[in-house]
Amino acid sequence: MTQRMRRQPWAILALLGFTLVFAASVYDARREPTAKRQLRRADIALSVEELKERYSPEPWENNGAKFYLQAMTKLREPERSTWEHLVIAGDLCYEYGHVFTGEQQDALRAYVAANAETIALIQKAQEYPFTRLTGDRYHLIQEYPGQSRALARLVACAALDAALSGDTATMGKMITTGLRLPEIMTEGGLLIDALVAKGICTIAFDALENCLYYVCPPSDTLHSWVRGLDTEMNTTYRWLREIFKNETTFQYQAFEYEGPYFDWPKRLYWLRTLKNLALEWTQFSYFIQNGYVLNMKSIIAATEKHSCDLDVTPEEELREAGWSGNARNPYAFLGFDINRRLQTIAGNNIAQAATIRAALA
């Protein structure tokens, strides 16, 4: 056999080549993947467990989050018999300068009065530094977004009820409270939280505009509203930076090949080795995971730009460019598309806040 191999040197070279490739593949499969190195360089948590550790402990004493959570449990929905008369229920969709009937005003006043304790808790929460909501916000199903929107609608209803009654002091406090309310969803938040936060901003902006139709507040109230509008959330994209980082962690863990989608018994070392080899040979880590992380890093970097300098590409162009130039990695591009659309939504709110500040000035 030795003599035969000497007469066929190509067999020796083929065997040597296969050995080198196999050894390199084993090394490549056991080293830290490219995507993980990208995450570490960008200071992005590798797992939800690590993400939770980056934020403060569960909220309790001297933390506004405690009272926000209590307000969510105390919230009372309108009576079914009065729901049809509550024209601003839901998403505050009503005509600007709407003329309220007696029944509609009574329904509005009853809804606000029934939630006096809830409103007091929301205002109390804003007397304390806000840390964050609890860690179970990272579960796929949780009720914070819906409850937060409901609190925002309630505060807007209270502001409008005060405006209809000519109570400018209460109206001013309610609008100021509504402008502060989006903080519920920001610290430790994900993309769904960012969308809810901007939704809360829109409710506050609409409430402010509609209240001004019925009554003109004193100058000190107007100044307090301007201060509420002149926050980072209403003037820049920087508040999205940590949210994009957290979303990267959340999505990365979902398809990380040591995660639940590729769960193998740890005692079966040879099966895990074959799994890693297969994923490396198919370049799953590079084309899917690493591509997603690189796209998210570019979006995170864009949050540092001034709102006037951020190039927001139309959705149609993004979709066309994605399928023509990124066919090998559609998942990563779809994440990029969604995040750019979120920046567009945030940009619309920045513009709306700027318009309101100019009008108040």
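Colleague: Among contacts in the protein between residues at least 6 apart in sequence, what percentage joins residues at least 24 apart?

Modeller: In this predicted model, 80% of the contacts between residues at least 6 apart join residues at least 24 apart in sequence. A42 offers an individual case: its C-alpha atom and that of L294 are separated by 9.9 Å, although the two residues are 252 places apart along the chain. A42 sits in the loop between α3 (34-41) and α4 (48-53), and beyond four places in sequence A42 touches K245 and K297.

Colleague: How many helices and how many strands does the secondary structure of the protein contain?

Modeller: The protein has 19 helices and zero strands. Of its 361 residues, 46% are buried. The accessible surface is about 19,100 Å², and carbon and sulfur atoms account for 56% of that area.

Colleague: How should one read the packing of two helices, and at what angle do α5 and α10 pack?

Modeller: Two packed helices are described by the angle between their axes and by the distance between those axes. Helix α5 (residues 64-74) meets helix α10 (residues 144-165) at about 85°, and their axes are 10 Å apart. Helix α5 is therefore roughly perpendicular to α10, since angles of 65 to 115 degrees count as such. On the α5 side, the contact is made by Y68, L69, A71 and M72; on the α10 side, by Y144, Q147, S148 and L151.

Colleague: Is T118 buried or exposed, and which residues does T118 touch beyond four places in sequence?

Modeller: T118 belongs to helix α9 (residues 116-125). With a relative accessible area of 1%, T118 is buried, because the cut-off for burial is under 20%. T118 touches A71, K74, L75, L151 and L154, leaving aside residues up to four places away in sequence. A polar atom of the T118 side chain also lies 3.5 Å from the backbone nitrogen of L75.

Colleague: Where in the protein is confidence lowest, and where is it highest?

Modeller: Where pLDDT is low, the predicted coordinates should not be read in detail. The mean pLDDT of the protein is 79, and 72% of the residues reach 70 or more. Confidence is highest in α9, at a mean of 97, and lowest in helix α18 (residues 315-325), at 49. Residues 257-265 have pLDDT below 50, and this stretch has 22 contacts in the model beyond near neighbours in sequence. Over residues 321-334 the pLDDT likewise stays under 50, with 21 contacts beyond four places in sequence.

Conventions:
Residues numbered from 1 in each chain as written. Heavy atoms only, no water. Helix = DSSP H or I, 4+ residues; strand = E, 2+ residues; numbered from the N terminus. Buried < 20%, exposed > 50% of the residue type's maximum accessible area, 1.4 Å probe, protein only. Polar contact = N/O pair within 3.5 Å; in protein donor to acceptor, adjacent residues only side chain to side chain. Contact = heavy atoms within 4.5 Å. pLDDT = per-residue confidence, 0-100. Areas by Shrake-Rupley, 256 points an atom, 1.4 Å probe, with all protein chains shown as cover. Axes fitted to C-alpha atoms, helices over the stretch in contact; angles between N-to-C directions. Parallel < 35°, antiparallel > 145°, perpendicular 65-115°, else oblique.
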